[in-house]
Amino acid sequence: MPAGLSPPGSISGGASGSSPPGSAGAVRIGIISDIHYAAAAEMARGCDYEASCLSSPLARLFIRCYRRFFWLHQPLQKGYLLDRFLELAPPLDYLVGNGDYSCDSAYLGVCDEAACESARECVGKLRRVYGSRLRLNFGDHELGKLSLFGDRGGMRLASWERAREQLGLEPFWRLEAGNYVLLGFVSSLVALPLFEPDILPEERARWEELRAEHLASLRAAFDGLRPEQRVLVFCHDPTALPFLWREPSVQARVGQIEQTIIGHLHSNLVLWKSRLLAGLPRITFLGHTVTRLSTALGEARCWRAFRVRLCPALAGIELLKDGGFLTADIDPEARRPTVFRFHPVPR
């Protein structure tokens, strides 16, 4: 096993840590994102939970059509795909979860008991198979976010604390595989200025402290890179990348970033449209969600410097049913670039 990685534990079935056929010496990393698992309490809220709380008939019609034909129909009934992933996954040395483990049906993150039950069950299934070889990123739904319509929910410090203490999520993590460094961070913290409408006034100061501590960890990680090292960055929401780009420590070493693996967008179709709309002017008159999205797209040109690659949602989107996960075969000596492969998960 390459320096910097401990030998994988012995486990049964597809989670074995042996090297994949035809890639002797390679380190194989699996990446899974946007699982959006629903346990019993979230399922009890019903798949119409988004529309049922809206007073406007037009908004209810829009969200139902959006779910049914484009985004994800019956979102609380896709938990079986996690079990399917665990059956289909090839031998892996490490698995990275790139955020969003529950459906966050109350929009408050895991301080909501039902969402916490979902995330705990989801993470528990992954840990039972991958144990210490599992690395988990925060997604925006672990912390909470305002709903698309209705201004429900928001980021809560209680969700941050529960994700740390009960789910065991680490805000910043680092792994070495020979000459490769893998870094994971909390996109919502780095992009905190965009999430100001989601934050309670009495919690703002603490969120800003957490962001400052987080950026200090990221600066130290980039400052500590050796010239021969290549970097794989794991970031749930690409909205954070323009804020990361403003850090001199990152700009100085951005050429060492081979790929930045994101989640959040669910489908490569959405990633393609985001790239197409890069540079869009900021729109401030259509609500907080449009303001946030247009602000992020206005700065999306810097994504090129980070060499963004999407790990689709496990279920994909309804329009294309293009869900699945990624594997990355890393050459620890960095003689060749990492080889990424997409593995579809049939519904």
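In this predicted model, the largest nonpolar core takes in 75 residues, and the members that touch the most others are I35, L82, F85, L126 and W207. Apart from that core lies another one, of 19 residues, with I29, L232, F234 and L326 among them. W207 gives a good idea of how such a residue sits among its surroundings: leaving aside neighbours within four places in sequence, W207 is in contact with L143, M155, R156, L157, W160, L189, L192 and I199.

Stepping back to the whole chain, the protein has 14 helices and 10 strands. Of its 347 residues, 57% are buried. Among contacts with a separation of 6 or more, 78% are between residues 24 or more positions apart.

Next comes helix α7, which spans residues 157-165. The buried residues of this helix are L157, S159, W160, R162 and A163. They pack against four other helices, namely α5 (113-130), α6, α8 (187-190) and α9 (204-223). Two of them, L157 and W160, turn up again on the list of contacts of W207.

Just ahead of α7 in the sequence is the loop that connects α6 (140-143) to α7, and G154 is found there. Is G154 buried or exposed? With a relative accessible area of 0%, G154 falls under the 20% cut-off and so counts as buried. Setting aside neighbours within four places in sequence, the contacts of G154 are Y107, L108, L143, G144, K145, L146 and D198. There is also a long-range pairing to look at: G154 and F195 are 41 residues apart along the chain, yet their C-alpha atoms are separated by 8.8 Å.

D198, one of the contacts of G154, has its own place in the loop between α8 and α9. Its relative accessibility is 2%, so D198 counts as buried too. What does the side chain of D198 have within reach? One of its polar atoms lies 2.8 Å from the backbone nitrogen of L146, and L146 is itself among the contacts of G154.

Another buried aspartate sits in a strand. D329 belongs to β9, which covers residues 324-330. D329 is buried because its relative accessible area is 8%, under the 20% cut-off. Which side chains does D329 meet through polar contacts? One is that of R28, joined to the side chain of D329 by a polar contact of 2.7 Å. Another is that of R341, where the polar contact is 2.8 Å.

Then there is the matter of empty space. Rolling a probe the size of a water molecule over the atoms shows where such space is left. How many cavities of 30 Å³ or more turn up? The count comes to 2. The largest has a volume of about 60 Å³, and its lining is made up of E50, C53, L54, I63, Y107, S147, L148, F149 and R152. Sorted by type, that lining has 6 nonpolar residues, 1 polar and 2 charged. Y107 is a familiar name here, as this lining residue is also in contact with G154.

The second largest cavity holds about 30 Å³ of space. Around it are D34, I35, H36, L72, K78, H266, A313, A315 and G316. This lining divides into 4 nonpolar, 3 polar and 2 charged residues. I35 plays two parts in the picture, as a lining residue of this cavity and as one of the core members that touch the most others.

A few spots in the backbone and nearer the outside round things off. R307 has a phi near 55 degrees, a positive value in a residue other than glycine. R307 lies in the loop between α14 (303-306) and β8 (308-310), and its relative accessible area of 36% means that R307 is partly exposed. K321 also has a positive phi, near 50 degrees, and is likewise not a glycine. The place of K321 is the loop between β8 and β9, and β9 is the strand that holds D329.

Lastly, R275 is part of helix α12 (residues 268-276). Its relative accessibility is 45%, so R275 counts as partly exposed. R275 and A300 are 25 residues apart in sequence, and from C-alpha to C-alpha they are 7.0 Å apart in space.

How values were computed
Residues numbered from 1 in each chain as written. Predicted model: local features only at pLDDT ≥ 70, side-chain atom pairs only at ≥ 80, totals over all residues. Heavy atoms only, no water. 1 Å grid on protein atoms, 1.4 Å probe; cavity = no way out; pocket = protein on both sides within 12 Å on 5 of 7 lines; lining within 4 Å. Points joined across faces, edges and corners; volume = space filled by probe spheres on them. Nonpolar A, V, L, I, M, F, W, Y, C, P; charged D, E, K, R; others polar. Helix = DSSP H or I, 4+ residues; strand = E, 2+ residues; numbered from the N terminus. Buried < 20%, exposed > 50% of the residue type's maximum accessible area, 1.4 Å probe, protein only. Polar contact = N/O pair within 3.5 Å; in protein donor to acceptor, adjacent residues only side chain to side chain. Core = buried A, V, L, I, M, F, W, Y, C linked by side-chain atoms within 4.5 Å. Contact = heavy atoms within 4.5 Å.
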